[in-house]
Amino acid sequence: MAHNPTSSAHPPLPPTSEEDTLSRLRLLRSRRVGIVTYWRLMAEHGSARAALDALPDIARAAGVADYAPCPPERALAEMEAARRAGARLLAHGDPLYPSDLAALPDAPPLLWLRGRTAHLRRPMLAMVGARNASSLGRRMARRLANELSDAGWVIVSGLARGIDTQAHEAALGGGTIAVTAGGVDIPYPPENADLAARIARDGLILSEQPVGLAPQGRHFPARNRIVAGLSRAVLVVEAAARSGSLITARAGLEAGREVMAVPGHPFDARAGGCNLLIRDGAALVRGASDVLDLIGGTEADAAPPKAATAPPAPDGLSGRILAALSAAPVAEDQLVRDLGHPAAQVAQALVDLELDGRVGRQPGGLLVRRDLERAPG
């Protein structure tokens, strides 16, 4: 049976010295020592130093010859790489370590952090979904993340393509946490390097993996359990029937979290996982109000206000539409004439801008630009 680090009356204490920290890192990075074994060794031997001393005999009894724990030089090199990357180490038992994550039986003993650690003290909600998300799924993720962030919730996701990216982007001003499958200094996928840099500045990036480590396949399910473990609830926006998002949802269920899903069309494979979750008891989500009805918003009343930033201006036709509109109402046919674009193209771009909350319609079909109200004055 897995050892729960918080199951005893005396939960683990944080490291008491730099030597203790180094010993814990060495123990965790030692060959054949996974997280469950780490906690068992700590419980049996009382300290990381004692567990390191016992490891060769334990390995010999298990038939492993010539076993040596992680050498101090390797752990020191990792700590130096973290210093260069601007990362700090957070140990289980530290007051900053989130209590929801600490309650997991396989809670990470150590986490590397880059960014604003204050986000760890605020209520968190996981939002995950398909990498190859549909246009509608991406819009839904942006809207949900933006509104839930406005309600005070820190949005947690995995920095993947698709839904994760949209959730981080929309919540960055109010607070977002990216849990990476590799080191906190290795943006993955590479095209999210700029987003990762912005999260490291205005949000928080965390990982249990060594700094400098490129992610491998086995790291992603482990990453997903942290996404769920940090959060009060897991919201799946779009996911296939067999996907990493469902691994996160299952991790949430196992940890006793509320699981919610946005339904989709039965013919769309990207909605299959969400529909299965709803069939099996997950809460159906049509908008942020459904989420807040389940998890509440009062806990977040003390959260810092969301930074007032104007949304980035889109390129192409959408950008021209926004440039042409203002708070003064304009008829759609007049806008079409001013732009000189086919009416069908303008109509489609207007739908996108309305869904994003940037353009509104008044009685008589008159158009106004709404996002100016959110821009700093």
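In the predicted model, the side chains of D106 and R225 meet in a salt bridge, with an N to O distance of 3.2 Å; a salt bridge is taken here as a side-chain nitrogen of Lys or Arg within 4 Å of a carboxyl oxygen of Asp or Glu. D106 lies in the loop between α5 (99-102) and β2 (110-115), whereas R225 belongs to helix α9 (residues 219-230), so the pair ties together parts that are 119 residues apart in sequence. Helices (H or I, at least four residues) and strands (E, at least two) are DSSP runs, numbered from the N terminus. D106 is partly exposed, at 27% relative accessibility, while R225, at 12%, counts as buried, where buried denotes under 20% relative accessible area, exposed over 50%, and partly exposed the range in between (1.4 Å probe, protein chains only).

Because the model is predicted, local features need pLDDT of at least 70 and side-chain atom pairs count only at pLDDT 80 or more, although totals for chains, interfaces and linings use all residues. Residues are numbered from 1 along each chain as its sequence is written, and side-chain values use heavy atoms, with hydrogens and water left out.

Over the whole structure, the search finds 20 salt bridges. Among them, D290 and R286 meet through their side chains at 2.9 Å, N to O; of this pair, D290 is buried, with a relative accessibility of 12%, and R286 is exposed, with a relative accessible area of 65%. A further salt bridge joins the side chains of D268 and R270 at 3.3 Å, N to O, and here D268 is partly exposed at 23% relative accessible area, as R270 is at 27%. In addition, E80, R83 and R84 are linked in a network of salt bridges.

The strands, of which there are nine, form an open sheet with mixed pairing in the order β1-β2-β6-β5-β4-β3-β7-β8-β9, two strands being paired if DSSP finds at least two bridges between them. The edges of the sheet are β1 (88-91) and β9 (283-284), each of which pairs on one side only. Within the sheet, strand β3 (residues 124-128) and strand β7 (residues 233-236) run parallel and are joined by three bridges, and the bridge partner of M127 in β7 is L235. Helix α10 (residues 244-254) packs on the sheet, touching β3, β7 and β8 (258-261), and its direction makes about 155 degrees with that of β7. Contact means heavy atoms within 4.5 Å, and the axes are lines fitted to C-alpha atoms, for helices over the stretch in contact, with angles running from 0 to 180 degrees between N-to-C directions.
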